[in-house]
Amino acid sequence: GPRYNTNLATLAPWRRRYLLSFKGTESHPARARASFHHDEAKGVIVVFFPNGHHCMVSTSGSRPYALDRTKRLPQLHADCCARLLALYRAYDYKQLMNSTFTLVLPGAQPASFRLAEALAHGSIPVFFGFDEAILPWEDLINWPALSLNVPVAADFERALVPMLEALARDRARLQAMQREGSRVFRRWFETLDASAGDRATVETLRQRFSFERGRRR
């Protein structure tokens with residue numbers, strides 16, 4: 001089946017342009033929390049498409065809530081919306097994969113291409129806001145060996161970013177995490193169709209039923 005772009009897969013994590021990146025829509029409370037912490041000077045790129053919560057109506061006709069022409073924005077709201085949109089458009093999504101860490105946030109659905117894209121490009125996933133969520137195929141993947149999982153209540157600027165800056169200097173650990181991420185990507189995420197997920201689901205069920213049969217003997 002079709003496969004992900006892996007152009008940056010072999011680029012060392014410590015040689016990347018950005019420390020941490022995310023670009024998307026604000027479709028979950030964890031995303032709203034993260035949206036306040038864009039800091040280009042530190043290499044933290046967190047940009048969101050301006051939505052109805054930000055601006056009452058969108059600045060783009062491509063979004064459904066932009067079609068209501070009966071609403072008029074106050075000038076302050078309009079200026080804010082324009083700045084958010086300009087910030088969003090300033091960063092190319094593919095270029096943001098050139099990041100040591102990729103922020104993986106909950107969204108409207110439990111699955112996201114962003115995790116697979118991060119692994120495909122050799123970026124280290126940082127799960128943020130998955131406090132009570134089960135990560136994909138936990139029976140098959142040792143997620144702590146290749147990613148970080150940060151609770152949504154964590155202090156982004158005083159705890160998360162300093163932790164990432166410190167880890168970015170630990171080349172041995174970064175390299176080990178990247179290698180494990182690449183191995184997991186090739187095993188379970190490499191194709192864009194559903195076949196990889198189907199294989200992982202079948203393997204999970206096989207292991208669980210094998211365990212149950214072993215217990216009954």
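Colleague: Which residues does Glu203 touch, once residues up to four places away in sequence are not counted?

Modeller: Setting aside those sequence neighbours, Glu203 touches Leu140 and Trp188. This is a predicted model, and every value we discuss is computed from it. Glu203 has its place in helix α7, and its C-alpha atom is separated by 9.1 Å from that of Asp139, although the two residues are 64 apart along the chain.

Colleague: Does Glu203 count as buried or exposed, and at what relative accessibility?

Modeller: The cut-off for buried is under 20% relative accessible area. Glu203, at 18% relative accessibility, therefore counts as buried.

Colleague: With which residue does Glu203 form a salt bridge?

Modeller: The partner is Arg206, and the closest N and O atoms of the pair are 2.7 Å apart. Both residues lie in helix α7, which spans residues 195–216, and they are three residues apart, about one turn of the helix. Unlike Glu203, which counts as buried, Arg206 counts as partly exposed, at 46% relative accessibility.

Colleague: Why should a spacing of three or four places in a helix matter for the way residues point?

Modeller: An α-helix has 3.6 residues a turn, so residues three or four places apart point the same way. A further case is the pair Glu180 and Arg183, three residues apart in helix α6 (residues 171–189) and separated by about one helical turn. Their side chains meet in a salt bridge of 2.8 Å, N to O, and Arg183 is partly exposed, with a relative accessible area of 40%.

Colleague: How many salt bridges does a search of the whole structure find?

Modeller: The search finds two. A buried charged residue is worth checking separately, and Arg114, in helix α4 (residues 113–120), is such a case. Arg114 is buried yet has no salt bridge, and the nearest side chain of opposite charge, that of Glu117, is 5.3 Å away. Since the cut-off for a salt bridge is within 4 Å, the distance of 5.3 Å to Glu117 does not qualify.

Colleague: Which backbone oxygen lies 2.5 Å from a polar atom of the side chain of Arg114?

Modeller: That oxygen belongs to Lys23. When neighbours within four places in sequence are left aside, Arg114 is in contact with Phe22, Lys23, Gly24, Arg31, Tyr93, Thr102 and Leu103.

Colleague: Turning to burial along a helix, which residues of helix α5 are buried?

Modeller: In α5, which runs over residues 156–167, the buried residues are Phe156, Leu160, Val161, Leu164 and Leu167. Seen down the axis of α5, these buried residues fall within an arc of 125°, so they line one face of the helix. At the start of α5, a side-chain oxygen of Asp155 reaches to within 3.2 Å of the backbone nitrogen of Glu157.

Colleague: Now the loops: where does Gly43 lie, and which residues does Gly43 touch, not counting residues up to four places away in sequence?

Modeller: Gly43 lies in the loop between α1 (29–34) and β2 (44–49), and beyond those sequence neighbours Gly43 touches Tyr18, Leu19 and Leu20. Gly43 and Leu19 are 24 residues apart in sequence, while their C-alpha atoms are 4.9 Å apart in space. Gly43 is buried, with a relative accessible area of 9%.

Colleague: What is the phi of Trp137 near?

Modeller: Phi of Trp137 is near 50°, a positive value in a residue other than glycine. Trp137 lies in the loop between β4 (124–128) and β5 (148–150), and is partly exposed, with a relative accessible area of 23%.

Colleague: How many helices and strands does the protein chain have, and in what order do the elements run from the N terminus on?

Modeller: The protein chain has seven helices and five strands, and from the N terminus on the elements run β-α-β-α-α-β-α-β-β-α-α-α. Among the contacts in the chain with a separation of 6 or more, residues 24 or more positions apart account for 66%.

Colleague: What share of the chain is buried, and how much area does the chain expose?

Modeller: Buried residues make up 44% of the 217 residues in the protein chain. The chain exposes about 12,500 Å², of which carbon and sulfur atoms supply 52%.

Conventions
Residues numbered from 1 in each chain as written. Predicted model: local features only at pLDDT ≥ 70, side-chain atom pairs only at ≥ 80, totals over all residues. Heavy atoms only, no water. Helix = DSSP H or I, 4+ residues; strand = E, 2+ residues; numbered from the N terminus. Buried < 20%, exposed > 50% of the residue type's maximum accessible area, 1.4 Å probe, protein only. Contact = heavy atoms within 4.5 Å. Areas by Shrake-Rupley, 256 points an atom, 1.4 Å probe, with all protein chains shown as cover. Lys, Arg positive; Asp, Glu negative; His and termini not counted. Polar contact = N/O pair within 3.5 Å; in protein donor to acceptor, adjacent residues only side chain to side chain. Arc of directions from axis to C-beta.
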